[in-house]
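Dear colleague,

I am handing over the structure we spoke about, and I would be grateful if you could look through it with the notes below at hand.

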Amino acid sequence: MAQSNGMSDEVYYPSEQILAQANIADYDAIHQSMLRDPAGCWDQIAREEFEWFEPWKTTLDDSNPPFYQWFVGGKVNIVHNALDRHARTWRRNKLALVWEGENYDQRSYSYQQLHREVSRFASVLRAMGVRKGDRVTIYMGRIPELIIAMLACAKIGAVHSVVYGGFSVEALHERIEDSESRVAITSDGAWLRGNVVPLKDIMDEALQRAPTIQTLIVVKRTGQDVHMEPGRDFWYHDLMNLPIADAHIETEVMDAEDPLFLLYTSGTTGKPKAILHTHGGYMVGVATTLKWVFDIKEEDTWWCAADPGWITGHSYIVYAPLLLGTTSVIYEGAPNHPFPDRWWDIVERHGVTVLYTAPTAIRGLMRFGDAWPNRHDLSSLRLLGSVGEPINPEAWRWYHRVIGQGRCPIMDTWWQTETAHFMITPLPVTPLKPGSATKPFPGVQIDIVDEDGSPVGPNEEGYLVIKSPWPGMMRTIYRDAERYVNQYWSRFPGMYMTGDSARRDEDGYIWVIGRVDDVIKVSGYRLGTAEVESALVSHSAVVEAAVIGVPDEVRGNIIRAYCILATGYEPSAHLVEVLRDHVGHEVGPIAKPSSIEFVDSLPKTRSGKIMRRVLKARALGQDEGDLSTLEA
Ligand code: PRX
């Protein structure tokens, strides 16, 4: 029920039922105790909730900031906790994954079956020469084999680097090359809105640019003809039919601080960075946050409708739900295929109890009206979640009223690829304000600071920072520790800079505003201006390009590009299409600019840096601000 708190903003209080079943009943008490003794609290959680091959010696080693380490000396493997231990108990017969293809194919795996498939594929990978510490690139659609491949890598101590299936040739090439993967796993294609995305063809083209790959394993999903390079390419199903696909394989004993995966994400400048996460701290962080924030119970059916190729999928489709022994639903295709009620149909048919998605999806489905969800029985839902960008109150209210039927609190979770897990988020007991991610997760020290690093006052906008280490924090940028320090820890010494701006209201509620750097969130996907610009200038027609994000009602932001043409090229609608397609081919469809303007010059500083904020102010009809550094 909504009530006024005396100010203009509305507050939604949890029902008696939600309060009665909350895993965490008293937010303030637990937050305070975790702030007082973070290492002690995490130590206890890690001991009680997980199995370790050997205990750790130091819970938090903060002797060399910002290179913090957690559970130092502990021996563990996240897959042991996500699968092996469940396959030994009654949970072996519980469903781990319930998968639905876009064409209504259905496949499900019990913990026992998933454990077996992962073990068999782990044996295959080992037989193909993959060793502890090797990087393996995975490029697939949302099919069970993607999850099996990730877990199989982790089981043998290999480091997976998943590239989102919506990325294309150059994005894939760059990530393969940077990770120096020798083995890659893909599928022939992926289904999207009834069409085939030709993943294998894209991979082939990327491999022409990245010769490091010696072995490519291909899952058959769509069945169209693909080229198979003799000696390099192998069908997944062929390998899994060989004796090398042995279900009996020991899970590799890892140090808690050994790398689990790389995940590339866009930063302020230049190439995407490989964010590195580890077995121990990541495991403890993702499972605990899911359990507390979404009140996960044994009987839940959890659906995180993200893509495993992004951090949301890594943490909350793959690892956290399995660590908790939860049943997850995974859906391959588009939310509105074949009709705009596909998602609500899935909720009803599979009895989903907790749904976690992004504001852009909510806004997209909201446009089709209430009749589509209303024709389904959504009474199984208990809690809802949102992630990826600020959720506008209108979308929040629709989600709450129509999907949650006024019954389901919405957990608006703020976090990042770098943080690995929720950092600012309500718990089910938290009174909610639509549009605010509310309070720090217990024990997290959030602040909002000005240019000098001093805390700002209530309702003032400032830089969002994190002031103390947390278990799932990124450990470094792979092979670029210097960039890790510069990018995140140098602007405000001793504080982790998130790259976001935010304000905090009188009640201590945090309102995230958006990125303050050159990252653009398009439909919740994180893209760097640099990636799109370098794709544009890789076309012979363009000598210089600048891109900005401009607000869009459904997608949050859309990309607007400004290009200076090479001599001999004339502006035309046709050239706009050619360039948009070129960006789609190089980076991926999500990176295509919505509009391209041809210009004679770009605003630059005297040192030659493009001033995107000036372009943005112009595009939005706003004051262009201080132009004193602009090139004459
Ligand atoms: O700007 C914030 C926004 O997404 C960024 C992180 O993007 P990525 O690493 O791709 O991870 C997305 C999924 C965790 C943040 O810096 N963001 C994420 N969640 C929220 C959000 N902005 C506002 N509210 C959120 N709940």
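The side chains of histidine 582 and serine 538 are joined by a polar contact of 2.8 Å; please keep in mind, here and throughout, that this is a predicted model. Histidine 582 belongs to helix α18, which spans residues 573-586, and with a relative accessible area of 16% histidine 582 counts as buried, because the cut-off for that class is under 20%.

A second buried polar residue is arginine 91, whose relative accessible area is 17% and which is found in the loop between α4 (78-87) and β6 (95-100). Its side chain takes part in two contacts that you may wish to display together: a polar contact of 3.1 Å joins the side chain of arginine 91 to that of histidine 86, and another, of 2.8 Å, joins the side chain of arginine 91 to that of glutamate 298.

Turning to the ligand, I find that 17 residues surround it, and that the closest are Asp412, Thr413, Thr417, Arg515 and Arg526. For Thr413, a backbone N or O atom lies 2.7 Å from a nitrogen atom of the ligand, while for Arg515 it is an N or O atom of the side chain that is 2.7 Å from an oxygen atom of the ligand. Proline 390 also contributes through its backbone, where an N or O atom lies 3.5 Å from a nitrogen atom of the ligand.

Which strands pair with β8, and in what sense? Strand β8, residues 135-139, pairs in the parallel sense with strand β9 (residues 159-162) over 4 bridges, and β8 also pairs in the parallel sense with strand β10 (residues 183-187), again over 4 bridges. Valine 136 is a convenient residue from which to follow both pairings, since it stands opposite histidine 160 in β9 and opposite valine 183 in β10. As for coverage, 5 of the 5 residues of β8 are buried, and this holds for both faces of the strand, with Arg135, Thr137 and Tyr139 buried on one side and Val136 and Ile138 buried on the other. From β8 the chain crosses through helix α6 (residues 144-155) to β9, and this β-α-β crossover is right-handed.

The aromatic residues deserve a separate look. The structure holds 34 aromatic pairs, among them the edge-to-face pair of tyrosine 484 and tryptophan 489, with 6.5 Å from centre to centre and 70 degrees between the planes. Are these two residues buried or exposed? Tyrosine 484 is buried, with a relative accessible area of 0%, and tryptophan 489 is buried as well, with a relative accessible area of 9%. Both also belong to a cluster in which ring pairs link Phe67, Tyr68, Trp470, Tyr484, Tyr488, Trp489 and Tyr496.

Finally, there are two places where a charged side chain sits over an aromatic ring, and I list them here so that they can be checked by eye:

- the charged end of lysine 220 sits over the ring of tryptophan 235, at 4.8 Å from the ring centre;
- arginine 342 lies over the face of tyrosine 104, at 3.7 Å from the ring centre.

With kind regards

Notes
Residues are numbered from 1 along each chain as its sequence is written. This is a predicted model: local features need pLDDT of at least 70, side-chain atom pairs count only at pLDDT 80 or more; totals for chains, interfaces and linings use all residues. Side-chain values use heavy atoms; hydrogens and water are left out. Rings of Phe, Tyr and Trp (its six-membered ring) pair if their centres lie within 6.5 Å; planes under 30 degrees apart count as stacked, over 60 as edge-to-face and the rest as tilted. Buried means under 20% relative accessible area, exposed over 50%, partly exposed in between (1.4 Å probe, protein chains only). A charge sits over a ring if NZ of Lys or CZ of Arg is within 6 Å of the ring centre and within 35 degrees of the ring normal. Helices (H or I, at least four residues) and strands (E, at least two) are DSSP runs, numbered from the N terminus. Two strands pair if DSSP finds at least two bridges between them. A crossover is right-handed if, with the strands pointing away from the viewer, the path from the first strand over the helix to the second runs clockwise. A residue is near a molecule or strand if one of its heavy atoms lies within 4 Å of it. A polar contact is a pair of N or O atoms within 3.5 Å; within protein, one must be able to donate a hydrogen and the other to accept it, and residues adjacent in sequence count only if both atoms are side-chain atoms.
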